[in-house]
Amino acid sequence: MLVGLHDAEGGTKYPNLALMKLSAWHKAQGDSVEWFMPLRAMEYDKVYSSKVFTWTKPDPFLPPNTIKGGTGYGLTLTLPDEVEHICPDYSIYPGIDRSYGFLTRGCIRHCPWCVVPRKEGKIHANADVEEFLRHRKVVLMDNNALAHPHGIAQIEKMARMDLRVDFNQGLDARLVDEGIAKRLAALKWIKEIRFACDSQGQMPSVERAVRLLKEAGSRTPVFCYCLIREPEEALQRLNFLRRLGVIPFAQPFRDFTGRTKPTPEQKELARWANLHRFFKAMTWPEFQKHLGGRSGRMEANSG
């Protein structure tokens with residue numbers, strides 16, 4: 001059997017985990033696997049397309065019988081257990097130096113902009129890190145690993161294994177207490193410890209988590225996702241992170257349908273936050289003046 005794989009996003013930032021698992025499973029059955037090539041569309045026995053984002057443009061060259069999965073296509077199609085729990089085929093993305101996987105699935109939160117509770121349900125154990133481990137660096141894609149005993153136990157295990165880790169979807173600062181802070185401080189990190197500060201209600205938790213990590217002896221930089229819906233409100237959170245010495249990554253809001261596009265104001269604010277050398281050196285009004293940008297209501301509230 002000849003199998004074609006199609007990564008709708010092109011693997012520009014992260015390799016597609018589902019496609020790596022499908023490749024591993026089909027190769028274990030003796031099938032031939034390659035990246036989908038439009039000129040060979042009629043030769044494939046099966047074509048799989050995986051799409052993460054709803055706003056990714058469709059590929060007009062995919063055959064009609066393509067098996068489509070991923071949040072970008074919908075929330076219903078999932079991998080069979082025998083594919084979900086196979087070690088990914090990392091070879092299809094040349095140069096990978098880290099492993100990818102989920103220790104847990106689901107989440108205890110119900111953030112209105114997040115599809116995880118609808119797609120994955122309540123928080124539950126998914127896999128042991130050794131199931132998908134092939135490198136000394138490992139990227140965990142869990143949405144709330146701290147909310148389940150299995151996730152915490154795996155954090156302890158990865159510390160004993162001396163792995164370098166990254167929870168690339170962020171950890172829940174609201175769940176960080178002294179014990180969790182000590183466990184996180186005992187880990188080796190690929191780059192930063194990631195949290196989220198998507199509402200002002202999360203600010204006290206982020207501040208406490210940063211303090212507890214320092215008290216636990218962590219010297220790893222703290223990184224915070226920061227969703228931008230109302231720019232004035234988001235600016236207050238960004239200034240809070242700036243005073244706290246936390247690295248932000250501002251994300252202009254897009255709804256799940258992909259029809260809501262970021263506004264110029266959202267994009268301008270995100271640009272300041274994500275250009276870290278400017279974010280650290282300049283206030284928001286100073287950044288606007290530096291670029292010759294216009295002043296507005298947000299400037300008066302920039303604190």
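**Close-up 1. Surroundings of N143 in the loop between strand 8 (137-140) and helix 4 (149-160).** In this predicted model, N143 counts as partly exposed, at 24% relative accessibility. Once residues up to four places away in sequence are set aside, N143 touches G106, V116, E120, Q169 and G170. The C-alpha atom of N143 is separated by 14 Å from that of C197, a residue 54 positions apart from N143 along the chain.

**Close-up 2. E120 in helix 3 (residues 116-120) and its polar partners.** E120 is buried, its relative accessible area being 17%, which places E120 under the 20% limit used for that class. The side chain of E120 makes a polar contact of 3.0 Å with the side chain of R105, and a polar atom of the E120 side chain also lies 2.7 Å from the backbone nitrogen of G106. When neighbours within four places in sequence are left aside, the residues in contact with E120 are F102, R105, G106 and N143. E120 and R105 belong, together with K21 and E84, to a network linked by salt bridges.

**Close-up 3. The salt bridge between K157 and D128, with 2.9 Å between the closest N and O atoms.** This pair links distant parts of the chain, with K157 in helix 4 and D128 in the loop between strand 7 (124-125) and strand 8, 29 residues apart. K157 counts as buried at 15% relative accessibility, whereas D128 counts as partly exposed at 28%.

**Close-up 4. The salt bridge between E156 and R183, with 2.6 Å between the closest N and O atoms.** Here too the pair links distant parts of the chain, E156 being located in helix 4 and R183 in helix 5 (residues 178-186), 27 residues apart. E156 counts as partly exposed at 30% relative accessibility, and R183 likewise counts as partly exposed at 31%.

**Close-up 5. The salt bridge between the side chains of R98 and D97, with an N to O distance of 2.8 Å.** R98 counts as partly exposed at 22% relative accessibility, and D97 is also partly exposed, with a relative accessible area of 37%. A search of the whole structure finds 17 salt bridges, and the contact between R98 and D97 is a salt bridge. Side chains of opposite charge can pair when their charged atoms come close.

**Close-up 6. The open sheet formed by four strands in the order 5-8-9-10, with parallel pairing.** Strand 5 (99-101) and strand 10 (188-189) stand at the edges of the sheet and have a single partner strand each, so one side of each of these strands is left without a neighbour in the sheet. Strand 9 (residues 164-167) pairs with strand 10 in the parallel sense over two bridges. Within strand 10, K188 is the bridge partner of R164.

**Close-up 7. A nonpolar surface patch of about 270 Å², made by V52, F53 and W55.** One of these residues, V52, lies in the loop between strand 3 (46-50) and strand 4 (67-69). V52 is partly exposed, with a relative accessible area of 43%, a value that satisfies the requirement of over 30% for inclusion in a patch.

Terms used. Residues numbered from 1 in each chain as written. Predicted model: local features only at pLDDT ≥ 70, side-chain atom pairs only at ≥ 80, totals over all residues. Heavy atoms only, no water. Pairing = 2+ DSSP bridges. Patch = residues over 30% accessible without salt bridge, like charges linked within 9 Å, V, L, I, M, F, W, Y side chains within 5 Å. Areas by Shrake-Rupley, 256 points an atom, 1.4 Å probe, with all protein chains shown as cover. Salt bridge = Lys/Arg side-chain N within 4 Å of Asp/Glu carboxyl O. Buried < 20%, exposed > 50% of the residue type's maximum accessible area, 1.4 Å probe, protein only. Polar contact = N/O pair within 3.5 Å; in protein donor to acceptor, adjacent residues only side chain to side chain. Contact = heavy atoms within 4.5 Å.
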